[in-house]
Structures are given as structure tokens and as C-alpha cells.
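Q: Please pick one part of this model and give me a close look at it. I'd like to know how it sits against its surroundings and how those surroundings fit into the rest of the chain.

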Amino acid sequence: MVRRLAWCSLEGYAERRKGCHAMTKRTSVATRHHPPKVDAALEQYRLRAHGYDAELAPFEPLRLDAIKRLQLQGGETVLDVGCGTGLSFEPLKAALGERGKIIGIELCPQMLGKARDRVKAHGWKGVRLVNGTADMAPLNGQADAAIFHFTHDILQQPEAIDHITRHLKPGAKVVATGLQWAAPWAWPVNLFVWGAAMYSVTTMGGLDRPWSTLATYLEELEVHSTWMGSIFVATGTWRGRPSKA
Ligand SMILES: C[S@@+](CC[C@H](N)C(=O)[O-])C[C@H]1O[C@@H](n2cnc3c(N)ncnc32)[C@H](O)[C@@H]1O
């Protein structure tokens with residue numbers, strides 16, 4: 001297993017070092033072989049919903065950093081894709097102000113229930129919660145920004161990214177964060193990645209370059225690694241769909 005992890009890491013590390021993240025195909029080999037499983041994700045997060053906020057506490061600085069990278073302006077609208085229990089809502093609200101809007105999209109009813117409780121407890125206006133999968137959730141209009149915070153399964157679904165970008169204005173800022181394989185020699189770090197992934201995603205496919213499908217939709221893509229290479233932060237601008245001639 002460790003040899004296999006090391007091989008995956010080697011490939012991803014080499015690509016990251018090259019600093020070249022453009023892809024021409026929107027479906028990675030890993031995704032084709034190991035698509036995410038909605039039923040498994042539902043069960044995973046049904047069981048985790050209760051203790052989820054406490055589990056995520058050590059990672060909260062990453063969330064604040066990701067949201068800062070969106071460079072939000074007061075009154076804008078943000079899609080929080082795979083919003084979970086709504087942990088991003090408070091910092092998003094702080095950046096968006098009273099008139100700003102958040103649309104939280106979430107598969108798991110138990111996670112979304114926690115998000116709903118959070119909105120109610122704070123008395124926030126302008127937060128819409130949508131229970132559904134990111135590839136089909138009913139959305140209206142076009143938002144100014146989108147955040148995919150620790151949503152590996154969603155990033156491995158080209159249909160989900162396609163659907164979400166249809167509801168973004170051209171020029172919208174997008175940020176994605178999550179687990180990735182670290183450098184091959186950092187095998188203890190990769191054991192952490194493996195353990196965390198077993199617990200929180202339903203496909204290990206794409207962990208070498210989790211942002212690669214999203215990258216095909218974005219301009220000015222920047223990818224940073226943190227947590228000893230085990231976590232990526234990818235930021236870019238949705239370029240909009242080419243107009244039909
Ligand atoms: C690790 S949690 C991250 C939650 C939240 N973004 C956060 O930062 O705390 C991943 C979330 O994605 C949701 N999810 C998984 N697959 C999904 C899909 N296809 N569509 C929408 N949500 C999905 C899970 O139910 C879970 O709540």
C-alpha cells in the first residue's frame with residue numbers, strides 16, 4: 001500500500017513542481033476508474049454530522065485563508081458547494097455584509113440540518129440552503145464566487161463542476177481546498193492523508209492532483225500546498241463559457 005501511495009505522490013509532486021496545472025481532458029483517469037459514490041457519502045456524513053464541527057477545528061485557519069482568497073465584496077453572492085454544517089457561513093457573512101448572499105449546496109440532510117440550525121441561531125438573512133448533489137442541485141441565477149472547501153468527491157465529478165460553473169458569472173473567483181498526496185518521501189504525511197481520506201471521501205482517485213478538473217474551467221490558477229504538502233489550496237477565476245458562433 002505504501003509503495004502505491006508513494007507512486008501516486010511521485011506523479012502529483014512532479015506535476016506540482018512543474019507548476020503546470022492545465023489539463024485538456026476534463027475527466028481524469030482516476031475519476032473514470034473510481035467515481036465518487038453518493039450513497040457511501042450520505043452514510044459517511046450521516047454518521048459524522050454530530051461531531052463534525054469539533055473534528056474540523058484544527059483545520060479552521062485553512063478555511064479563513066481560503067475565504068480571504070475569494071476577495072469578496074459587500075453584497076456579493078457565494079456558492080458554498082458541499083457546505084456541510086455551514087462552518088464557512090460566519091466568515092463568509094463577515095466578508096459579504098448584510099446584503100450578501102450565501103447559497104449552501106449539500107447532499108447529506110443531517111449535515112444540512114446542522115447548517116440550518118446555525119443560520120437560525122445567528123438570525124442570518126440571505127442564506128439559502130439546497131439539499132442535493134452538486135451536479136444537479138436546483139440553482140437560479142449566477143453567483144460572484146464559489147468555495148469548494150474539503151469537497152474531494154465533488155471535485156472528482158466533472159458534471160458537478162460543469163453545473164456549478166453554469167451558475168457563476170464570468171470572472172467569478174473560485175477557491176478549492178482539500179487533501180492531496182504529499183511528496184513521495186513524506187510517507188508519514190501520506191499515511192495521514194490516507195487515513196483522513198478513508199474517513200472523508202468515497203474515492204481515492206484524483207488525490208494526486210485533486211484540482212485538475214476544476215483547473216480546466218479556470219484562468220489565473222494558483223495552487224499552493226500546506227500542511228507538509230498534504231493539503232492544497234487552488235484559486236482561480238471562472239472564465240465563462242465560450243459564446244456560440
Ligand atoms: C468534508 S465535508 C466539507 C464540508 C464543508 N465544506 C466544510 O468546509 O466544513 C464534505 C461535504 O461534502 C458533501 N458532499 C459529498 N458529495 C457531495 C455531492 N455530490 N454533492 C453535494 N455535497 C456533497 C458531504 O455530505 C459533506 O458534507
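A: Helices here are DSSP runs of H or I with at least four residues, strands are E runs of at least two, and both are numbered from the N terminus. With that in hand, let's look at helix α6, keeping in mind that this is a predicted model.

Helix α6 spans residues 89-96, and its buried residues are Phe89, Leu92, Lys93 and Leu96. Viewed down the helix axis, these buried residues fit within an arc of 100°, so they line one face of α6. The general rule behind such a pattern is that an α-helix has 3.6 residues a turn, so residues three or four places apart point the same way. Right after the helix comes glycine 97, which has a positive phi, near 75°.

What lies over that face? The cover on the buried residues of α6 includes two helices, α5 (60-69) and α7 (109-122), along with the strands β1 (77-81), β2 and β3 (127-131).

Let's take α5 to begin with. Isoleucine 67 is part of this helix, and it counts as buried because it has 23 C-beta neighbours inside 10 Å, where 20 or more are needed. Setting aside residues up to four places away in sequence, isoleucine 67 touches Ser88, Pro91, Leu92, Ala95 and Ile147. One of these, Leu92, is among the buried residues of α6. Isoleucine 67 also has a distant partner to compare with: its C-alpha atom is 9.6 Å from that of valine 174, although 107 residues separate the two along the chain.

Now for valine 78. Beyond its neighbours within four places in sequence, its contacts include Leu92 and Leu96, both of them buried residues of α6. Valine 78 is also in contact with Leu72, Ile102, Ala143, Asp144, Ala145, Ala146 and Ile147.

Valine 78 leads us into the core. The largest nonpolar core has 57 residues, and Val78, Val81, Ala146, Ile147 and Leu214 have the most contacts inside it. Strand β5 (residues 168-179) gives the most to this core, with 6 residues. As a general point, nonpolar side chains in soluble globular proteins tend to be buried together.

From β5 we can step across to its neighbours. β5 pairs with β7 in the antiparallel sense over 7 bridges, and valine 175 has threonine 235 of β7 as its bridge partner. Strand β7 (residues 231-238) is mostly covered, with 6 of its 8 residues buried. β7 also pairs with β6 (residues 218-226), again antiparallel and over 7 bridges; here glutamate 219 has threonine 237 as its partner. The hairpin of β6 and β7 has 4 residues between the strands, and tryptophan 227 takes a positive phi there, near 50°.

One more link is worth following, through β2. Besides helping to cover α6, β2 (101-106) is one of the elements that give two or more residues to the shell around the ligand, as are α3 (38-48) and α8 (152-155). That shell holds 23 residues, the closest being Gly82, Gly84, Leu107, Cys108 and His149.

Note on methods
Residues numbered from 1 in each chain as written. Predicted model: local features only at pLDDT ≥ 70, side-chain atom pairs only at ≥ 80, totals over all residues. Near = placed C-beta within 6 Å. Buried ≥ 20, exposed ≤ 12 C-beta atoms within 10 Å, placed from the backbone. Arc of directions from axis to C-beta. Contact = placed C-beta atoms within 7 Å. Core = buried A, V, L, I, M, F, W, Y, C linked by C-beta atoms within 7 Å. Pairing = 2+ DSSP bridges.
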